[in-house]
Amino acid sequence: MRKKIGFVLLSIIIVLGVTIYFGRDKEQKEETLFKKEAIEFWVVSDPHYIDKSLTDSGIAFKKIKQTAAGKELDFQKESWQAFIDKAIKQKPEMLIITGDLTLNGEKVSAEKLAELLKQLTDKGINVFVIPGNHDINDGWARKFVGDQQEKTEVISIADFKKIFADFGYQNATSYDKSSLSYSVSVNQRYNFLFLDSNIYPEDSQPQTSPTTGGTIRGKTMKWVKKQLKKAKEEKKKTVVFLHHNIFAHNELLSNGFVLNNAEEFKKVLADYQVPIVFSGHIHAQDIMTETVNDHPLTEIVSSSFSIAPQGYGVVTLNGNSFDYQKQENTHKIPQVENYPEYIKELFIEDGKRLGYTQLTDAGLSDSKKLDIASEFVGQVNYRFFSGNDFISDEEVEKIKAEPGYQIIADNSKFLKDYIDSIIQDKNQKDNQLKKNLY
């Protein structure tokens, strides 16, 4: 009888211990991830990974690729493996992925991506992830069989916590109980805040199409303030990572991309002297700084890793020194002779389709003019999304003098407005940033 009672008590203690560990706001954990000051981390966004088991490369999959905004969907596993091999060789301390890990929230895609990422943690490289608007309870999750799309299992909130348990959450100093947000004490100078800015149904609710917009929920905002206040009291700086943007990086790409409560959130960040925010979502590489309440606040938006040129950020953080450099994943894979050029052509072709569709809809039928203007759209589109649009006024005038631009200006106001919005970035260079954070 005593043995039975003892066993029951032990079971209760174990269950309570597990509940307390996963349910608490782990403020007791004070140790830092690194003892050293100099660290290097890589930042990737929007990989939109889809596992090969979800497609037979039939008609249905070919159709989805044509509407995938230039994403490369056939050789993602091979591309990621080459990228992981590079990381293992170069040994950054961390890899951070700021959301949209999967194409449309397929559970098997998340599981297979996690298997790839485990190669990094096995080699001592820490991986940190947060969800994007396409990851949780996404009603668009599909597999592609022949000419049919079939529903496939989605990623629930509980699934995300389980699948990516070893990619950030295991090193968390504190969890937010109302979202998938968490904080990490990186070293004696810096904390990293990983925020879930997405709007998705709870696990008990039916899956719907993904919500493009995002927000920092009320309870999460309180938790964020608590983390920032604690860091300030410890005389530490906080770097923030989330999926949605805090600034409008393009006048036509802001609705649904900028946080619904961005103004409130920016003031919170400024109040606690947050120097840098990383995000993704718009698939375009861009860096922008605004002064909020006399505080310079910089946001670095990473382009999508599923499109050319597969850009990723390499960041060196050493004391008060911050150095960001965008790199391009110019690796080789055995399946394609020149993979970087292949994915570039995929993306340019998508831009050309945009130009062709808009111009034909506007009534242009001259095939020669359509070809010239569509090629122009493809090239300008690529410059913008790869972060190479920080150009002089003289260069802008040369571009506007090109036949492609003139044809667009004469035939499509919508397309001209779009081109004008992406042709030149006037605020700052988008592929590199050096500054002191203290």
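Is D46 buried or exposed? In this predicted model, D46 has a relative accessibility of 0% and therefore counts as buried, the cut-off being under 20%. The residue sits in the loop between β1 (39–44) and α2, and its phi is positive, about 50 degrees, although D46 is not a glycine. To put that in context, most residues other than glycine have a negative phi. K91 offers a second case, with a positive phi near 60 degrees in a residue other than glycine. K91 lies in the loop between α3 (76–90) and β2 (94–98). Here the relative accessible area is 59%, so K91 is exposed, the cut-off being over 50%.

These loops lead naturally to the strands beside them. An open sheet of 6 strands runs in the order β3-β2-β1-β13-β14-β15, and its pairing is mixed. At its edges are β3 (126–130) and β15 (432–436), each of which pairs on one side only. On average, neighbouring strands of the sheet are turned by 20 degrees against each other, with direction ignored. Helix α3 packs on this sheet and touches β1, β2, β13 and β14; the direction of α3 makes about 170 degrees with that of β1. Helix α4 (residues 107–122) lies across β2 and β3, and runs at about 140 degrees to β3.

Within the sheet, β13 and β14 (residues 321–328) pair in the antiparallel sense over 8 bridges. Following this pair to one of its bridged positions, N318 is found opposite S321 in β14. On the other side of β13 in sequence, the loop between β12 (295–301) and β13 (311–318) holds P309. A cis peptide bond joins A308 to P309, with omega at about 5 degrees. As a general point, most peptide bonds are trans.

Attention now turns to helix α7 (residues 262–271). The buried residues of α7 are A262, F265, K266, V268, L269 and A270. Their cover includes α6 (218–233), β9 (237–241), β10 (276–279), β11 (286–292) and β12. After α7 comes Q273, another residue with a positive phi, near 60 degrees.

Strand β11, which takes part in that cover, contains D286. At 3% relative accessibility D286 counts as buried, because the cut-off is under 20%. Leaving aside neighbours within four places in sequence, D286 is in contact with H249, E299, I300, V301, D425 and D430. From D286 to K71 there are 215 residues in sequence and 19 Å in space, C-alpha to C-alpha.

K71 brings the account to the largest pocket, which has a volume of about 930 Å³. Of the 35 residues in its lining, those closest to the centre are T67, A68, A69, K71 and H283. Which elements supply at least two residues each of this lining? They are α2 (59–66), β4 (142–145), α8 (339–361), α9 (367–385) and α12 (413–422). The largest share comes from α8, with 5 residues. In character, the lining residues of the largest pocket divide into 17 nonpolar, 13 polar and 5 charged.

Notes. Residues numbered from 1 in each chain as written. Predicted model: local features only at pLDDT ≥ 70, side-chain atom pairs only at ≥ 80, totals over all residues. Heavy atoms only, no water. 1 Å grid on protein atoms, 1.4 Å probe; cavity = no way out; pocket = protein on both sides within 12 Å on 5 of 7 lines; lining within 4 Å. Points joined across faces, edges and corners; volume = space filled by probe spheres on them. Helix = DSSP H or I, 4+ residues; strand = E, 2+ residues; numbered from the N terminus. Nonpolar A, V, L, I, M, F, W, Y, C, P; charged D, E, K, R; others polar. Buried < 20%, exposed > 50% of the residue type's maximum accessible area, 1.4 Å probe, protein only. Pairing = 2+ DSSP bridges. Axes fitted to C-alpha atoms, helices over the stretch in contact; angles between N-to-C directions. Contact = heavy atoms within 4.5 Å.
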